[in-house]
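Trainee: Hi! Could you walk me through this fold before I go back to the bench?
Mentor: Happy to, let's look at it together.

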Amino acid sequence: MSRARDTRFMLLALGLGRRGQGRCAPNPAVGCVIVQKGRIVGRGWTQPGGRPHAETVALAQAGTAARGAEVYVTLEPCAHHGQTPPCVDALIAAGVARVVIAVPDSDPRVDGQGIAALEAAGITVETGLCADEASADLAGFFLKTEQGRPEVTLKLASSFDGRIATGTGESQWITGSDARRLVHAMRARHDAVMVGGGTARHDDPSLTVRDLGIAAQPARVVVSRRLDLPLMGQLARTAHELPVIICHGKDADPMLCQTWRDLGATLLPCATSAGQLEARDVVQQLGAHGLTRVFCEGGSALAASLIDADLVDRLIGFTAGLAIGAEGLPNIGALGLSKLDTAPRFALASVRPVGPDIVHEWVRSTPQM
């Protein structure tokens, strides 16, 4: 088969899979394309809530045209019985002839068993096409499977000199409307939007996706050791309507805990160290809650704790062409560094203008400890 042809169909499957990002946790956002004699007869992606799976949707669309067809799927089809039957059984029953898989599934319930079952049924299986792209798209699922935590993207919007507010606390708006709209699109592709308690107290954010015509909303996560958050703020008022998750210290006031539960919030008690919540336990608790992709929007103390714990997988910066000066609030809090060679480093992935601002994306450049 032509590699260029295969790549074209796999890139389409990847695009379909991204439609499920932020909507199907804890399941992976998978895309699937079924091709019969060069013509697409079925397309699918993981549906909201994680099911039906991409292969099931594509097979239903293809119907009898799936017999003898080629299947392009971004992740190894599942081979275990969960709330739905295994996708490999459905592919075998449909009589497909060839399955091209971007990346294998590291979930112990699958981990090569899907590929083995397809090959045992006489189906040609090929793996590794567009593996880097698929691995990036599915990074949150793999991190949760292998390390028990979600993928963490840290977004920071700041002035040219790295400030997120003036000395008096004024912060709206440093970046322009184009940048803010892009942030909303990024929120929509994540399971949750996370901020620190200081940001929740000072800005009273809603942390919702707005002005994009999107009905599904990410969960809102607040990291607040003492749970001293506004009880009349936007998060409190909407906790019964849209998910609010609060990561707090185990020593938080029990009355406040009950108040927030009554408001509709989910509380996750987390470990503390030196009077602060342990960032690693916070993300582990979020992983245990089923989250795979978390979009952190600061503030500076939370950003510093995540970076210091080597938990930031992607770093997205929105930089505006204005200077605030040393009296402004820095976008990242103290890290306690004395030598440059101990500073966390990230590798540049992309940079582009967004209206009058620029957005630059970075990925971790050193192995995680």
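Mentor: We'll go through the sheets, the helices on them and a surface patch, bearing in mind that this is a predicted model.

Trainee: Great. What is the strand order in the open sheet of 5 strands?
Mentor: That sheet runs 2-1-3-4-5, and its pairing is mixed.

Trainee: Which strands stand at the edges there?
Mentor: Strand 2 (39-45) and strand 5 (124-127). Each has a single partner strand, so one side of each is left without a neighbour in the sheet. On average, neighbouring strands in this sheet are turned by 15° against each other, ignoring direction.

Trainee: And strand 1 with strand 2, parallel or antiparallel?
Mentor: Antiparallel: strand 1, residues 31-36, pairs with strand 2 over 6 bridges. If you want a spot to zoom in on, find Ile34, which stands opposite Gly42 in strand 2.

Trainee: What holds paired strands together anyway?
Mentor: In a sheet, strands pair through backbone hydrogen bonds, either parallel or antiparallel.

Trainee: OK, helices now. Which strands does helix 1 touch?
Mentor: Helix 1 (residues 3-18) packs on the sheet and touches strand 1, strand 2, strand 3 (70-75), strand 4 (98-103) and strand 5. The direction of helix 1 makes about 140° with that of strand 1.

Trainee: Where does helix 2 lie?
Mentor: Helix 2, residues 54-62, lies across strand 1, strand 2 and strand 3. Helix 2 runs at about 145° to strand 2.

Trainee: Switching over: how is the sheet of 9 strands ordered?
Mentor: That open sheet goes 11-10-9-8-14-6-15-18-17, with mixed pairing. Its edge strands are strand 11 (266-270) and strand 17, each of which pairs on one side only. From one strand to the next, the twist averages 20°.

Trainee: How do strand 6 and strand 14 pair?
Mentor: In the parallel sense, over 4 bridges; strand 6 covers residues 151-158 and strand 14 covers residues 293-296. Glu151 stands opposite Arg293 in strand 14.

Trainee: Any helix on that part?
Mentor: Yes, helix 11 (residues 279-288) lies across several strands, including strand 6, strand 8 (192-196) and strand 14. Helix 11 runs at about 140° to strand 11.

Trainee: Last topic, the surface. Which residues make the nonpolar patch?
Mentor: Leu348, Val351 and Ile358 make a nonpolar surface patch of about 260 Å². Leu348 is found in strand 17, residues 346-354, one of the edge strands we met earlier.

Trainee: Why does Leu348 count as partly exposed?
Mentor: Because its relative accessibility is 47%, and partly exposed covers the range between buried, under 20%, and exposed, over 50%.

Conventions:
Residues are numbered from 1 along each chain as its sequence is written. This is a predicted model: local features need pLDDT of at least 70, side-chain atom pairs count only at pLDDT 80 or more; totals for chains, interfaces and linings use all residues. Side-chain values use heavy atoms; hydrogens and water are left out. Two strands pair if DSSP finds at least two bridges between them. Helices (H or I, at least four residues) and strands (E, at least two) are DSSP runs, numbered from the N terminus. Axes are lines fitted to C-alpha atoms, for helices over the stretch in contact, and angles run from 0 to 180 degrees between N-to-C directions. Contact means heavy atoms within 4.5 Å. Patches are made of residues with over 30% relative accessible area and no salt bridge: like charges are joined within 9 Å, nonpolar side chains (Val, Leu, Ile, Met, Phe, Trp, Tyr) within 5 Å. Accessible areas come from the Shrake-Rupley method with a 1.4 Å probe; for residues, only the protein chains shown count as cover. A salt bridge is a side-chain nitrogen of Lys or Arg within 4 Å of a carboxyl oxygen of Asp or Glu. Buried means under 20% relative accessible area, exposed over 50%, partly exposed in between (1.4 Å probe, protein chains only).
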